[in-house]
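Here is a friendly walk through one protein model, meant to be read with the structure open beside you. Take a moment to turn the model around before reading on.

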Amino acid sequence: MKLENLAPAKGATKNRKRVGRGQGSGRGGTSTRGTKGAQARAGYEHKIGFEGGQMPIQRRLPKFGFKNPTRVEYKSVNVSALQALSEAIGKTELNLEDLRSAGLVSKNELVKVLAKGELTAALNVTADAFSKSAVAKIEAAGGKATSSK
């Protein structure tokens, strides 16, 4: 086997359609573009979503939905994660910087503490928001929940 002997498998390739090469070729004249109209001309480009003059689908379907521009979104952190973090770093005072350095939240996220899990350590936690049940769990364990807002 040599490089010059290599060829694609039989039927794997097709010859390109040579249009506009005279009437005898069967593809002369209009060159398979049909007669007249923008699509028969050189340089034709249709708009995105253009359906040949038919009312496009994005105009046939109704608008729906609403995006609240004033929505505030919080990243949730559970008290079980706070418990594990305090055991890992050996601190009872947890603030947003501790949560960011531990990788629980990213730099610009607002943090809301939720009550899932158990809390045994008396932690003083500072976050952007707390659920009522999370505050109850933190205070029941002897800690304090402080909102940074």
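Which residue in β3 is the bridge partner of Tyr-74? The partner of Tyr-74 in β3 is Leu-110. Keep that pair in view, and keep in mind that this is a predicted model.

**The overall picture**

Let us start with the whole chain. The protein has 4 helices and 6 strands, and along the sequence these elements come in the pattern α-β-α-β-α-β-β-β-α-β. The radius of gyration is 34 Å, well over the 15 Å that the globule rule gives for 149 residues, so the protein is more spread out than a compact globule. Taken along the principal axes, the C-alpha atoms fill a box of roughly 95 × 60 × 20 Å.

Some further totals describe the chain. Of the 149 residues, 19% are buried. The protein exposes about 11800 Å², and carbon and sulfur atoms supply 52% of that area. Among contacts with a separation of 6 or more, 41% are between residues 24 or more positions apart. As for charge, the protein has 27 positive and 12 negative charges, and the mean positions of the two groups are 23 Å apart.

**The sheet that holds Tyr-74**

Back to the opening pair. Strands β1, β3 and β5 form an open sheet in the order β1-β3-β5, with parallel pairing. The edge strands are β1 (74–78) and β5, each of which pairs on one side only. Between β1 and β3 (residues 110–114) there are 5 bridges, and these two strands run parallel. The bridge from Tyr-74 to Leu-110 links β1 to β3.

**The other sheet**

Another 3 strands form an open sheet, this time in the order β2-β4-β6, and here too the pairing is parallel. Its edge strands, β2 (93–94) and β6 (144–147), each pair on one side only. Strand β4 (residues 124–127) is joined to β6 by 4 bridges, while 2 bridges join β2 to β4. Here are some residue pairs to look for across both sheets.

| Residue | Residue opposite | Strand of the residue opposite |
|---|---|---|
| Tyr-74 | Leu-110 | β3 |
| Leu-94 | Val-125 | β4 |
| Asn-124 | Lys-144 | β6 |
| Ala-127 | Ser-147 | β6 |

Which residues of β4 point to one face and are buried? They are Val-125 and Ala-127, whereas Asn-124 and Thr-126 point to the other face and are not buried. This fits a general pattern: in a regular strand, side chains alternate between the two faces of the sheet. Two of these β4 residues also appear in bridges to β6: Asn-124 has Lys-144 as its partner, and Ala-127 stands opposite Ser-147. On the β2 side, Val-125 is the bridge partner of Leu-94.

**Two buried serines**

Now for some individual residues. Ser-131 lies in the loop between β5 (129–130) and α4 (132–140). Is Ser-131 buried or exposed? With a relative accessible area of 15%, Ser-131 is below the 20% cut-off and therefore counts as buried. Leaving aside residues up to four places away in sequence, Ser-131 touches Lys-112, Val-113, Leu-114 and Ala-115.

Ser-31 sits in the segment before α1 (57–60). Its relative accessible area is 19%, which is under 20%, so Ser-31 is buried as well. Again not counting residues up to four places away in sequence, Ser-31 touches Val-19 and Gly-20.

**Backbone angles to check**

The segment before α1 also holds Thr-32. Although Thr-32 is not a glycine, its phi is positive, at about 65°. Lys-36 is found in the segment before α1 too, and its phi is near 55°, again a positive value in a residue other than glycine. Is Lys-36 buried or exposed? At 69% relative accessibility, Lys-36 is over the 50% cut-off and so counts as exposed.

How values were computed
Residues numbered from 1 in each chain as written. Predicted model: local features only at pLDDT ≥ 70, side-chain atom pairs only at ≥ 80, totals over all residues. Heavy atoms only, no water. Rg over C-alpha atoms; globule rule 2.2 N^0.38 Å. Buried < 20%, exposed > 50% of the residue type's maximum accessible area, 1.4 Å probe, protein only. Contact = heavy atoms within 4.5 Å. Areas by Shrake-Rupley, 256 points an atom, 1.4 Å probe, with all protein chains shown as cover. Lys, Arg positive; Asp, Glu negative; His and termini not counted. Charge placed at Lys NZ, Arg CZ, Asp CG, Glu CD. Pairing = 2+ DSSP bridges.
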